[in-house]
Protein chains: 4
Amino acid sequence: PVRKNARNEFGDDKRIVVNVGGVRHETHVSTLRNIPNTRLARLAEHHLCSREPLDEYFFDRHPAVFNSVIDFYRTGELHVPLEVCGAVVKRELDYWHVDEFHIKSCCWRHYRSYIENKRILDSFNRSLLKENFVIDLESLTGWKKIQMRLWLVLEHPRTSKAAMVYGVISLCFVVTSILGFCLETLPFFLRPSMISNRTNGTCEREKPREIGSNMTPHEALNILDIICTAFFTIELIVRFIFAPDKLRFVICAMNIIDLLALVPLYMQLIFNYGSILFCYQDEQLMVEIMFILRIVRMFRIFHLVKHYQALKILVYALKASVQELLMLAIFLIIGTLIFATMIYYAERRGEDGADDQFRTIPIGFWWAIMTMTTVGYGDVYPTSPVGYIVGAACGVSGVLMIALTIPVISNNFTLFYTHVRSRKSDKPRDFDNSDE
Amino acid sequence: PVRKNARNEFGDDKRIVVNVGGVRHETHVSTLRNIPNTRLARLAEHHLCSREPLDEYFFDRHPAVFNSVIDFYRTGELHVPLEVCGAVVKRELDYWHVDEFHIKSCCWRHYRSYIENKRILDSFNRSLLKENFVIDLESLTGWKKIQMRLWLVLEHPRTSKAAMVYGVISLCFVVTSILGFCLETLPFFLRPSMISNRTNGTCEREKPREIGSNMTPHEALNILDIICTAFFTIELIVRFIFAPDKLRFVICAMNIIDLLALVPLYMQLIFNYGSILFCYQDEQLMVEIMFILRIVRMFRIFHLVKHYQALKILVYALKASVQELLMLAIFLIIGTLIFATMIYYAERRGEDGADDQFRTIPIGFWWAIMTMTTVGYGDVYPTSPVGYIVGAACGVSGVLMIALTIPVISNNFTLFYTHVRSRKSDKPRDFDNSDE
Amino acid sequence: PVRKNARNEFGDDKRIVVNVGGVRHETHVSTLRNIPNTRLARLAEHHLCSREPLDEYFFDRHPAVFNSVIDFYRTGELHVPLEVCGAVVKRELDYWHVDEFHIKSCCWRHYRSYIENKRILDSFNRSLLKENFVIDLESLTGWKKIQMRLWLVLEHPRTSKAAMVYGVISLCFVVTSILGFCLETLPFFLRPSMISNRTNGTCEREKPREIGSNMTPHEALNILDIICTAFFTIELIVRFIFAPDKLRFVICAMNIIDLLALVPLYMQLIFNYGSILFCYQDEQLMVEIMFILRIVRMFRIFHLVKHYQALKILVYALKASVQELLMLAIFLIIGTLIFATMIYYAERRGEDGADDQFRTIPIGFWWAIMTMTTVGYGDVYPTSPVGYIVGAACGVSGVLMIALTIPVISNNFTLFYTHVRSRKSDKPRDFDNSDE
Amino acid sequence: PVRKNARNEFGDDKRIVVNVGGVRHETHVSTLRNIPNTRLARLAEHHLCSREPLDEYFFDRHPAVFNSVIDFYRTGELHVPLEVCGAVVKRELDYWHVDEFHIKSCCWRHYRSYIENKRILDSFNRSLLKENFVIDLESLTGWKKIQMRLWLVLEHPRTSKAAMVYGVISLCFVVTSILGFCLETLPFFLRPSMISNRTNGTCEREKPREIGSNMTPHEALNILDIICTAFFTIELIVRFIFAPDKLRFVICAMNIIDLLALVPLYMQLIFNYGSILFCYQDEQLMVEIMFILRIVRMFRIFHLVKHYQALKILVYALKASVQELLMLAIFLIIGTLIFATMIYYAERRGEDGADDQFRTIPIGFWWAIMTMTTVGYGDVYPTSPVGYIVGAACGVSGVLMIALTIPVISNNFTLFYTHVRSRKSDKPRDFDNSDE
Ligand SMILES: [K+]
Ligand SMILES: [K+]
């Protein structure tokens, strides 16, 4: 084969010069005919057929990618150049009529990573842009203009100084309300005369203690609660009045939370003056609904998303990683099922009748999930030799499961976060950018 | 040395021009003779011997890798270009007769990483392809055709709409069966009259309670169980009938699980009508076998692998990382052995006779593995000063051990996952690809 | 379109050769006019207008980046070359009057990462440099010179051998003091006659036991404490005397800690001889202040920062990552709030009156934070089915939250650490570098 | 400035062509004079002074790095090309007399990472090679040859088939011995007649129970122990006889472990027949020494290092990361000190006298280290509000501390592991490599 190689090396097959963006690539004509139905194959045929072939053929394209393309013709293997972004490679491959699926698996990841990042970041940018919608205030008149101006103040804390001030005040009320709500449960803030002014009813048979203990915190906290509720009521009404799109306002999750969070206090007021109405068997249901509605109040903390960009990034990252989160969930569920069943049977037989720890499989679920996340409260734990083995397997597979899926899940958040940070770090230009 | 350098720089050694794919590389002839028995060394000798040496020697090869090759001749150190995939480098080095083992250790990792990824991804793709085998339905006739068509419906949920519908129904039965199985253990679903209709036997001396408590859940769950068992029985029979390769069907792990999972109910039926047969000393064994068989039912959840690709990726990743998992296991075992022994002696002497926590070394194993995975139930924990030191060392080395091995283990899963995701994100073309 | 392409390929639009640093790039003049108001667009117009256009235009610039620039003219998409540092790209884009915000999102991260790293490392280097300030000892005379020389000995352990020796001695005293402080609390070191020589007072009604048990450790530890306190007192005075900038010395956190750490012993001396003065109702307050001041002593351990560079890196990394740490804190606070409220209500209803575990929401905070960090002491844990679900959600979101934010937070520390290590590994040259 | 730029662009400063390895770089002569005392500056001066300057100056060097070098002359900023290995850059910079410390901080990390990896991998390879020392068996004669041949069999399991078989047998004995040792502690294997045949002594006053319970396991385990001890005794003697370097054999840690592990059984034999000798006050000491010696036996597991390469990698990685491990240790110690003191005071005051949880600061150490590693047994935990805050801070800083240091620590292990794996995956060539 040495002879043949030498023949190839030192000439005698027809050579062709392709000038791609100034870089001259030289090859044999036969090489270009290796991959039929492509731009270069047609060029090679044109070169052979034509009477006066040109000295060099000029293409106004990216020169670096052409290295890979011509290499594909030479060897039949398509590897991409690692110094060029995948999106450029895609564009150039399209130009040369080479299918991207000829790219070998070793280079595929590099090739796609840039395209994937572009896709995901572009959709991220678009959703950010959709929120920061620019409103042409000048084109509006009269009521519409006032409405829009106030709406911006109420909803978009970064649009003006007034909006910022209002946003901070609103946030203070949210924090105060939540703090009060937490302090209410401390024994220190409970009044000694717990159910003094409400025992004038007639139907408190067994439940009043609970309702009472919930509803009679310290006087100061009660007043705070009333002030906050008043503020939130007014705010909700004002925001509804100035909302430019009423329907969108009504179906917005945050507004529904705000509305539901107001219910308990008004319920309590009604309750205090008309307790006889509820004293039949639906009282227990009432109490439960009240409890759930009181939790809703805590979700007001999500008003912070408006003010703090990292939270916005988290929300988008979770949305973009929904498939990965689902994967983690399914892995955890399968692991939980398997280990819960195994620990149930392992511990049952070991205890031989005295089944105090893993009485039911659902308790096994709880144990398995807490072991796989490596929390391990120790409220339930295996005690038999087989149970020890199952427990050890559960702990190790939990560590593995989390370790395997975490890099895949954290990818999007890191991507978004570094993207936003790098965009922000150059503030003056950022403003220019919003113009284009 | 300045003089000598200048001599080298400004000429007087014979120069040679090597045109590699259009890029002209120039060097001294003496340089090319540095590495004997290679293509370029032979070229240099040919150049010196020949009467009329060519102005330039043309090679139709990748120009970027040649930079590294010529640099190897100049300096005796072989570093690879980082902008080219390792597989391309390998091919080019083979062409130039340069051994890859001259590559310096700094570049070796970059060089191999692409080749390794290619190897592992190609084998991954091959195993995926093996599953999605294309069956030439047209070539089959009569029974074979019906058999194959139904087999695809039964086993490959993505091949047709009917298969998808059937797959979802089958999965629903699996989920229902597992849910029923879990709920059975809840006290809420146990009938108050536990062993009413079965006490007509004569040999229930001490064990009936357990068997009874296992086998008498709520009537609704019993009926559900019977329905599910009937479905799975029919399914297994139908699948056996339409299986194109009976032997492969019989030795398939999933089918064995399905069969074993059916046993308990049928056993129970026999048991109910013929309990006198088993009432001798092997009853205890019976109960144990029944327990184990009931756990088997839970493994039906692995039918999900057919439907959910991420699970398939997990399975392949674990298979491909078997060496790394073994490494983690051995590290954990060694750590467990060392720390279990140390805590056993540390705690023993500390307690001075009253040995309530670490009575045996195997309990030390349990403690060590739970500490190294950072679960830490707190059912056993050291109480002596030496025990505290051993415990702290165990916790820290557990964290280190997991931290060291995790990046190595998660590598394959991340590789497969990003590969599959990037392949899938371009659906229409994916179909084209399957043609080639 | 083939015809049109062919026309473009084989000529007839005017071509222009731009020689950038020796590499000839060729393109159509029309291409250069695509992006108006840039250097190349003006060049194209100059080329068209001029009578005798040059054969090639020479720019003494980096050739690799020009590939991307010319590609931007051809296609309207700006991707950066991945083999060139982002800072070089920025400089070249500025030269060609191309705005960096045309860079596509796929390449943006690569482009910015080098610039970001440069920015953060330069500020890190500057703060390191600020500490290692070079003092021109020769220019000082008399007292100033002695003062500065001793100051260097006292404060900068790496400036001379004497400073190193002094630093080690000082550190030994710190370690001894802390060790003594820890051993004091061990029962082994408490004297049996606890409050023997102090009961000559008249006002020990109920509190003396605590004060006594604090203040009467073993005699040897007492002497050690006095020796250390003497040393630290002298050291503080000497350092104050030789401090070149008294104000800066006074407001330095470390010196305030040193001063406060001295207070307890002197207080005790006064207390022992004048205990009658304090025996009224402010005794309790005294004890509390004494307790806090005794903790302060432990912070002397931060003297280690002067000696150990990795600690310095940690401090700078935490400073540089303050935004990321804030993000983690806010995520944890929100998670804590939500889960604490949910567990409070979930567990309350489940227990139906007997509220022993989650009596208050703040206990829920404690539980939630310990579950999200996966510590999981198990002092409080959910016991109801709803509580189990909340607990599982809390554990999983804790794992996710930490996994998501950790790569972003650890980034700076890894950057600084590898930077410092790589700088240090080449000691002889490092010294050269400090000259420039 | 447009005019001036135009002047620069369209000529009139003298241009010079430098041909580096075939790639023509063009620049102004004035550019080359920017950095004095370098090879190019001297070239520029030579060019200006000489009567007949050459058209182009040829350097037989790597062309890619020259891009960066010439860019340094143009702009004064030295950035390295990212497609070339750092080691190549270093070599080229040395050739052009450009100091590597001009490299900007953005590129520094990339530049050094390859050099660092080379340094660390070369030292790793060297230590691997030192172990696999090749012995020239042919040159030895007589006893020396036999000695060496048997030594290889005894110590290097991969040198021959016999060595492999012997290695596996030896490992089996190690595993058996360890298993027996663990099973001894199980109650199941303890004989009911515990101290039957030993009560003929006269001095068992209070301690005999412990010694007895240690020394009287089941008869089968005793026999197993004697067989293993016999094997290990013979092995140790044989290995000592055939050791080519007696001194090195004696000081080897593994042999000392082997020797010490043999002591307990022989001690016991002496003890059984001469128990009267030890029955005075040093009996307690005897028991303690025996306990420690029995633990030593467990360290025989490290014989596995000879057989399993991943363990060797772990050992080397830990050795190479000793600085990083020290850093983690210091961080943990500082954190432990601070949090232990804080929890001690926080909990003390909260409990107000009844100090049952954090009685001493060392117990605080234990709590702090277990919280920072997120193990969290829950044997001690804070109960006061201030204690909750300290606990939460401790947990979060533990997570942060581990997260920050882990990437730095795991780096070397991952490097070594991937290096060894990639070397091994190409077995046939690996053998070739060992020749050179
Ligand atoms: K834990
Ligand atoms: K725990």
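How much area is buried between chain A and chain C? Hello everyone, let's start there. The figure is about 7200 Å², with carbon and sulfur atoms giving 64% of that area. Please keep in mind that this is a predicted model, so everything I tell you today is computed from predicted coordinates.

Let me stay with that contact for a moment. On the chain A side it takes 88 residues, and on the chain C side 77 residues. Three residues of chain A, namely A:F58, A:D60 and A:Y377, supply 10% of the area that chain A buries against chain C, more than any other three residues. A:D60 turns up again when we look at charges: it forms a salt bridge with C:R74, and the closest N and O atoms are 2.4 Å apart. Across this interface the rule finds three salt bridges.

Now let's turn to chain B. Here 77 residues of chain A are in contact with 88 residues of chain B. The area buried between chain A and chain B is about 7200 Å², and carbon and sulfur atoms give 64% of it. Three salt bridges are found across this interface by the rule. As an example of a charged pair between these chains, the side chains of A:D71 and B:R91 meet in a salt bridge, at 2.8 Å from N to O.

What turn lays chain A on chain C? A turn of 90°, with a shift of 0.0 Å along the axis, does it with an RMSD of 0.1 Å. That is the relation of a four-fold axis. In chain A, the C-alpha nearest the axis belongs to A:E83, at 3.6 Å from it. The copies use different surfaces, though, and 8% of the contact residues of chain A recur in chain C.

Next, the ions. Which atoms coordinate the potassium ion called ligand 1? They are the O atoms of T374 and V375 from chains A, B, C and D, at 2.7 to 2.9 Å. For the potassium ion called ligand 2, the coordinating O atoms come from V375 and G376 of chains A, B, C and D, at 2.5 to 3.1 Å. A:V375 appears at both sites: it bridges the two potassium ions, which lie 3.4 Å apart.

Are A:V375 and A:G376 buried or exposed? Both of them are buried. On the other chains, B:V375 counts as buried because its relative accessible area is 0%. C:V375 is buried too, at 0% relative accessibility.

Before you zoom in on details, a word on confidence. The predictor gives the complex an ipTM of 0.85 and a pTM of 0.85. Chain A averages a pLDDT of 78, and 81% of its residues score at least 70. Among the elements of chain A, helix α17 (residues 361-372) has the highest mean pLDDT, 92, and helix α19 (residues 427-435) has the lowest, 35.

Two stretches of chain A deserve a mention here. Over residues 1-12 of chain A the pLDDT stays under 50, and the model has eleven contacts for them beyond four places in sequence. Residues 193-215 of chain A also have a pLDDT below 50, with 28 contacts in the model beyond near neighbours in sequence. Where pLDDT is low, the predicted coordinates should not be read in detail. Thanks for listening, everyone!

Definitions and conventions. Residues numbered from 1 in each chain as written. Chains lettered and ligands numbered in written order. Predicted model: local features only at pLDDT ≥ 70, side-chain atom pairs only at ≥ 80, totals over all residues. Heavy atoms only, no water. pLDDT = per-residue confidence, 0-100. Helix = DSSP H or I, 4+ residues; strand = E, 2+ residues; numbered from the N terminus. Contact = heavy atoms within 4.5 Å. Least-squares fit on C-alpha atoms with pLDDT ≥ 70 in both. Donors = N, O, S within 2.8 Å, 3.2 Å for Na, K, Ca; no water. Buried < 20%, exposed > 50% of the residue type's maximum accessible area, 1.4 Å probe, protein only. Buried area = accessible area lost by both parts, 1.4 Å probe. Salt bridge = Lys/Arg side-chain N within 4 Å of Asp/Glu carboxyl O.
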